[in-house]
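Here is a guided look at one chain, written to be read with the model open beside it. Feel free to turn the view as you go.

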Amino acid sequence: MSWAFAIALFSVLAAGIFLALSRNLLRCVIGVSIVGSAVNLYLFAAGRIGAAAPPLVLPGAELLAEGAANPLPQALVLTAIVIGFSLTCFSLVLALAIKQRTGRNDTDALREAEPPEGPDGKPAPLDDGEA
């Protein structure tokens, strides 16, 4: 079971990295979202794979019952899901705005928006005409 889960996790991570390195802006956004899902799967697997007792502290006890699931990875995954969803929504809106403004979704073609390089190799200051 753990080998199958590890292979599935690696496959999801590889697909996310492949898409994130794509030249298409939408594929990059989806790839980053898939990489976030792979990290969530990894955190979830750190808690325990399989059936376990719920993480409840019994009345009069100070510790979790023996064999109970670890609640910390569950809380981390739940928080990461919310953060990942908001990051994906923001990235999609940003990608849509870039596509509407420039008419392109190729990440290499978007380099035209960068300021020109100065003599020291750093971006040159923009001349607004205000002096």
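The report below goes through the helices, the salt bridges, the cysteines and a surface patch.

## The helices

Keep in mind that this is a predicted model. A good place to begin is helix α2, which covers residues 25-47. Does its length fit its residue count, and what are the two values to compare? With 23 residues at 1.5 Å a residue, α2 should span 33 Å, and its end C-alpha atoms lie 34 Å apart, so the two agree. Helix α3 (71-102) can be treated likewise: its 32 residues should span 46 Å, and the end C-alpha atoms are 46 Å apart, in agreement. Just past the end of α3 comes G103, which has a positive phi, near 80°.

## How the helices pack

Which residues of α2 are buried? They are L25, C28, V29, G31, A38, N40 and G47, and as a group they pack against α1 and α3. On the α3 side, the buried residues are P73, V77, T88 and A95, and these pack against α2.

N40 is worth a closer look. This residue of α2 counts as buried because its relative accessibility is 13%, below the 20% cut-off. Setting aside neighbours within four places in sequence, N40 is in contact with V77, A80 and I81. One of these partners, V77, is itself among the buried residues of α3.

## A salt-bridge network at R23

The model has 2 salt bridges. As background, side chains of opposite charge can pair when their charged atoms come close. In one of the bridges, R23 meets D106 with an N to O distance of 2.6 Å. R23 sits in the loop between α1 and α2, while D106 belongs to the segment after α3, so this pair ties together parts of the chain that are 83 residues apart in sequence.

R23 also forms a salt bridge with D108, where the closest N and O atoms are 3.2 Å apart. Here again distant parts of the chain are linked, with D108 in the segment after α3 and R23 in the loop between α1 and α2, 85 residues apart. Together, R23, D106 and D108 form a network of salt bridges. How do these residues stand with respect to the surface? R23 is partly exposed, at 48% relative accessible area; D106 is partly exposed at 21%, and D108 is partly exposed at 43%.

## The cysteines

How many disulfides does the structure hold? The number is 0. The reason is distance: the sulfur of C28 is 17 Å from the closest cysteine sulfur, that of C89, which is too far for a bond. A disulfide would need the two sulfur atoms within 2.5 Å. Seen from the other side, C89 is in no disulfide either, its nearest cysteine sulfur being that of C28.

The surroundings of the two can be described as well. C28 counts as buried because its relative accessibility is 14%, whereas C89, at 33%, counts as partly exposed.

## A nonpolar surface patch

To finish, turn to the surface. L13, I17 and L21 make a nonpolar patch of about 280 Å². L13 lies in helix α1, which runs over residues 2-20, and this leucine is partly exposed, with a relative accessible area of 31%. As a general point, an α-helix has 3.6 residues a turn, so residues three or four places apart point the same way.

How values were computed
Residues are numbered from 1 along each chain as its sequence is written. This is a predicted model: local features need pLDDT of at least 70, side-chain atom pairs count only at pLDDT 80 or more; totals for chains, interfaces and linings use all residues. Side-chain values use heavy atoms; hydrogens and water are left out. Buried means under 20% relative accessible area, exposed over 50%, partly exposed in between (1.4 Å probe, protein chains only). Patches are made of residues with over 30% relative accessible area and no salt bridge: like charges are joined within 9 Å, nonpolar side chains (Val, Leu, Ile, Met, Phe, Trp, Tyr) within 5 Å. Accessible areas come from the Shrake-Rupley method with a 1.4 Å probe; for residues, only the protein chains shown count as cover. A salt bridge is a side-chain nitrogen of Lys or Arg within 4 Å of a carboxyl oxygen of Asp or Glu. Helices (H or I, at least four residues) and strands (E, at least two) are DSSP runs, numbered from the N terminus. Contact means heavy atoms within 4.5 Å. The expected span of a helix is 1.5 Å times one less than its number of residues.
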